[in-house]
Amino acid sequence: MQAVRYARATSVDQAVQMLRDGGEEARVLAGGTDVIVLARERRRDIDLFVDIKHIPDVMGITYDASDGLTVGAATPLYQVYGHPDVQAHYPALVAASHVIGGTAIQGRASLGGNLANASPAADSIPAMIVLDGVARIAGPGGRREVPIAEFCTGPGRSVLEPGEFIVTLHFPAPAANSGSAWERFIPRNEMDIAVVNAAAVITLDGDVVQDARLALGAAAPTPLLLTDAAQALVGRRLDDVSIEAASAAASAAAQPITDMRGSIQQRKHLAGVLTARVVRAAAARARNEG
Ligand SMILES: Cc1cc2nc3c(=O)[nH]c(=O)nc-3n(C[C@H](O)[C@H](O)[C@H](O)COP(=O)(O)OP(=O)(O)OC[C@H]3O[C@@H](n4cnc5c(N)ncnc54)[C@H](O)[C@@H]3O)c2cc1C
């Protein structure tokens with residue numbers, strides 16, 4: 001492990017200052033479950049960790065029925081999936097955060113770290129995309145908001161500019177008659193990286209899909225918001241025919257690679273299968289059956 005300086009920020013402005021002063025070799029430290037592994041393996045030149053976990057805005061969860069959910073970017077995952085309002089209103093987020101690593105990892109790892117790490121296979125990102133999440137960012141130029149669907153720009157790359165960090169993640173309150181779901185395929189039962197993961201939010205008007213947001217992970221260089229697959233559902237009865245159309249559109253949109261976890265062909269197949277599953281599960285929740 002390389003020698004790394006450590007600084008503890010206690011306010012957003014102080015963290016921005018520390019990151020700016022630290023230059024290109026300064027890194028935000030949240031749970032450390034990704035970045036300490038990188039530092040130990042010397043896969044990144046890191047000179048300074050700026051610990052953001054002592055900034056009050058960055059830790060904790062608030063929910064309001066009209067404004068929605070705000071999650072501090074460094075809040076540990078066990079607090080996310082254990083929160084009663086997250087459990088009641090954002091089941092896709094519960095499912096995704098509950099499988100990241102194991103219990104020990106979930107005691108440290110955060111949604112902000114999962115997003116900023118920008119892995120194409122990150123488990124929480126498709127869930128945060130379909131929930132219409134927004135990253136609230138602070139930096140030397142002030143504050144700005146970026147839709148999570150637009151946050152990742154390539155494997156390990158994001159819209160974050162030097163000195164910027166994610167303060168909170170915000171999710172609107174769910175629409176009436178809507179439900180969300182998330183699933184992944186891994187070759188064993190736990191502690192593995194997704195071969196493909198998928199998430200859906202479905203809003204129903206009777207049997208007809210009023211709105212749909214679908215997303216895939218590990219199926220392209222960045223997590224994908226699936227617009228064509230969603231369009232295959234909106235305005236149509238939710239039945240085997242429309243779900244099959246969405247599933248085929250998801251397979252077509254996937255642009256995966258072949259690696260040790262799976263082939264292009266397997267990933268395209270999984271993209272369709274998982275899309276159909278999350279659509280059915282989200283719709284069941286929209287009908288209060290889930
Ligand atoms: C054993 C093990 C199993 C794992 N299993 C999974 C899994 O199943 N699914 C999965 O998706 N991931 C998995 N991971 C990866 C990791 O746990 C997650 O990506 C986790 O969410 C990272 O959060 P963190 O708070 O630990 O991030 P850190 O390690 O603290 O940070 C990760 C990166 O994001 C930056 N960063 C962190 N917070 C912010 C912020 N608020 N603003 C800007 N930049 C920030 C850091 O500088 C760093 O570059 C696993 C890791 C391990 C070690």
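## Close-up views of a predicted model

**View 1. Strand β5 pairs with strand β10.** Strand β5 and strand β10, which spans residues 165-171, run antiparallel and are joined by 4 bridges. Within this pairing, G72 is the residue that stands opposite T168 in β10. The model shown here and in the following views is a predicted one, and the positions described are to be read with that in mind. Strand β5 itself covers residues 68-72 and is mostly covered, since 4 of its 5 residues are buried.

**View 2. Strand β4 meets strand β5 through a hairpin.** Strand β4, made of residues 61-64, runs antiparallel to β5, and 4 bridges join the two. The connection between β4 and β5 is a hairpin that passes through 3 residues, and across the pair I61 stands opposite V71 in β5.

**View 3. Strand β6 pairs with strand β10.** Residues 134-139 form strand β6, which pairs with β10 in the antiparallel sense over 5 bridges. One facing pair in this view consists of A138 and, opposite to it in β10, F165.

**View 4. The strands assemble into an open sheet.** Strands of a sheet pair through backbone hydrogen bonds, in either a parallel or an antiparallel manner. Here the pairing is antiparallel, and the open sheet of 5 strands follows the order β4-β5-β10-β6-β7. Its edge strands are β4 and β7, the latter comprising residues 142-147, and each of these pairs on one side only. From one strand to the next, the twist averages 20°. In this order β5 lies between β4 and β10, and the two pairings of β5 shown above, with β4 and with β10, have 4 bridges each.

**View 5. Helix α10 packs against helix α11.** Helix α10, formed by residues 240-253, and helix α11, formed by residues 264-286, pack at an angle of about 140°, and their axes are 7 Å apart. The two helices are therefore oblique to each other, and α10 passes α11 in a right-handed crossing.

**View 6. Residues line the contact of α10 with α11.** On the side of α10, the residues that take part are I243, A246, S247, A248, A250 and S251, and they meet K268, H269, A271, G272, T275, A276, V279 and R280 in α11. By class, the residues of this contact divide into 7 nonpolar, 5 polar and 2 charged.

Notes
Residues are numbered from 1 along each chain as its sequence is written. This is a predicted model: local features need pLDDT of at least 70, side-chain atom pairs count only at pLDDT 80 or more; totals for chains, interfaces and linings use all residues. A residue is buried if 20 or more other C-beta atoms lie within 10 Å of its own, exposed if 12 or fewer, and partly exposed in between; C-beta atoms are placed from the backbone. Two strands pair if DSSP finds at least two bridges between them. Axes are lines fitted to C-alpha atoms, for helices over the stretch in contact, and angles run from 0 to 180 degrees between N-to-C directions. Angles under 35 degrees count as roughly parallel, over 145 as roughly antiparallel, 65 to 115 as roughly perpendicular and the rest as oblique. A crossing is left-handed if the near helix is turned anticlockwise from the far one by less than a right angle, and right-handed if clockwise. Two residues are in contact if their C-beta atoms, placed from the backbone, lie within 7 Å. Ala, Val, Leu, Ile, Met, Phe, Trp, Tyr, Cys and Pro count as nonpolar, Asp, Glu, Lys and Arg as charged, and the others, Gly among them, as polar.
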